[in-house]
Amino acid sequence: MDLIGNFGRGMFLNINYETWKINKYFLLQSISTPGFNEEAIKRANELFEELDGHWNSLKKSQSCNDNWIEMDFLQWITRFMVDNISIVVTGEKGCSMAAYYNTFNSDKSESSLFDDSKSYNSDKFTQAVMIYIRGLMFLNIVHPFLRRYVPYFKKKTNVLLENGGYIIKTLNNMIERRKFEFANTPQKLKSKHDLLSILITANNDAKSNMTESLTDDDIRALLFDVFLAGSDTSSNTLCYIIYYICRNPHVKQKMFDEIDSVFPDNSSNTLCITAEHLAKLKYCEAIIKETSRMMPVVPVSKRVASAKCEVAGYTWPAKTVFHLNYACIHMNEKYWANSTIFDPDRFYLQNDLGEFNDDLNNSDNNNKKSIHDKDKYSLVIFGGGIRLCPGRKLAMTSMLSFMALMFKKYDVKLVDIGAPLKVHTGFLTNCLELRIKIKPRKPSL
Ligand code: HEM
């Protein structure tokens, strides 16, 4: 079951409270540094430039008479977020967008670029992560006897083991290379702001101060957690955002107005987004929250009672498993009037002091000050309690950056405005396809 030796390590698959706490401390410290946040925004800018370049090349090859480019947005945003998480986690440039662009290219000779076993191949690695997730379900359902002795299941199990081995090897190589760099040029590494470099630096500091530190296996598990949790969640949310704003043109217009006011037109073709810009995009933030309320990518979660407890007036024994239905909480009319209506304005209110609701950026959820006079657990996009998502700030930064970059430049419409969203709900609610058309909003941009 433990394909990559992660149980008891990292955060996601860790039920050992003591090691989970240390891992959480290191992860939160690392991703809360200003350098990390700035790096994430800088990388989003660079990656959008790359994406835009691919779209422009496609446009040339697509003989579009009306200037609209048609695409399955899901495919592009998935690769964008994979390359994004790759570079902020490892500092190594991914090649998922380039590999996908290459599938449109009739000259396949370039494909060899993406199959060099020595270099880190983000596309191959992410596919391995997906196989891993599906594998967890398989291992959960199929009895060990069948896996060991029935050829069909045994073969599948071996594929999963091989896949797990590839993940471990890729991450171990990365950690080794970075530690080698650290040993040779420590100053250079201290100036790097990717998660791996920050973790190694913080860990070395902890070792020299003789405080709690991480093993290489812990570091590997943390990197894996961020790959696992950090890209699909954001890319699916962005698909749902596009779906809802296209079906609500007044929301789309209000969003364009906000983006144009934060980024007034200039002669330059490319935007350069900063953290100060993102802090002003309060309506875009409201769109993210309202979309996630209507269509949370993590629809359910679980908690296990560590001791006998009382919930909803009943007494439950220790080890009771509680299924938390986040999607249902978001539709509860007790907290959300007209809950089936898409209305970002519910999150775009100001309090008496003129402050906007900022609850998703608040790192201390327990002291969350919400301008909505509601139960703080009525909005659980990022979960709640001690297992609250540690990556919510990074997620908001990546999604807001993408929205600003994309919608400053492009208008968007759905190919079939009447078609329902195509989704599949398993561990996540995944978008299966999102056919859209995009066109530059201004000819000069
Ligand atoms: C739109 C984006 C995201 C959404 C909607 C999301 C949502 C969630 C939710 C609902 C949970 C479970 C919390 C619970 O059980 O109550 C979770 C856990 C987690 N998330 Fe996120 N997440 C997102 C992005 C990220 C990113 C970018 C990272 C990268 C650091 C991340 C890292 C994690 C980790 C490591 C956990 C496990 C925490 C633990 O088990 O203690 N997530 N996330």
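# Chatting through loops, helices and an iron atom

Q: Hi! Where does Asn338 lie?
A: Asn338 lies in the loop between H15 and H16. Those labels come from DSSP runs, numbered from the N terminus: helices are H or I runs of at least four residues, and strands are E runs of at least two.

Q: Anything I should know about the model before we go on?
A: This is a predicted model, where local features need pLDDT of at least 70, side-chain atom pairs count only at pLDDT 80 or more, and totals for chains, interfaces and linings use all residues. Residues are numbered from 1 along each chain as its sequence is written, and side-chain values use heavy atoms, with hydrogens and water left out.

Q: Thanks! Back to Asn338: what is its phi near?
A: Phi of Asn338 is near 45 degrees, which is positive in a residue other than glycine.

Q: And is Asn338 buried or exposed?
A: Asn338 counts as exposed, at 54% relative accessibility. Buried means under 20% relative accessible area, exposed means over 50%, and partly exposed is in between (1.4 Å probe, protein chains only).

Q: What about Lys319, which phi does it have?
A: Lys319 has a positive phi of about 75 degrees, although it is not a glycine. You'll find Lys319 in the loop between strand E4 (314–316) and strand E5 (321–325), and it is exposed, with a relative accessible area of 70%.

Q: New topic: which residue is the protein donor of the ligand's iron atom?
A: The only protein donor is Cys389, through SG at 2.3 Å. Donors are N, O and S atoms within 2.8 Å of the metal (3.2 Å for Na, K and Ca); water is not among the atoms, so sites may look incomplete. Cys389 is in the loop between helix H15 (326–329) and helix H16 (392–409).

Q: Cool. Now helices: at what angle do H5 and H7 cross?
A: The axes of helix H5 (residues 122–141) and H7 cross at roughly 135 degrees and come within 9 Å. Axes are lines fitted to C-alpha atoms, for helices over the stretch in contact, and angles run from 0 to 180 degrees between N-to-C directions.

Q: What do we call that arrangement?
A: H5 and H7 are oblique to each other. Angles under 35 degrees count as roughly parallel, over 145 as roughly antiparallel, 65 to 115 as roughly perpendicular and the rest as oblique.

Q: Last one: what does His54 touch?
A: His54 touches Trp76, Met97, Ala98 and Tyr101, leaving aside residues up to four places away in sequence. Contact here means heavy atoms within 4.5 Å. His54 is in helix H2 (residues 34–61) and is buried, with a relative accessible area of 11%.
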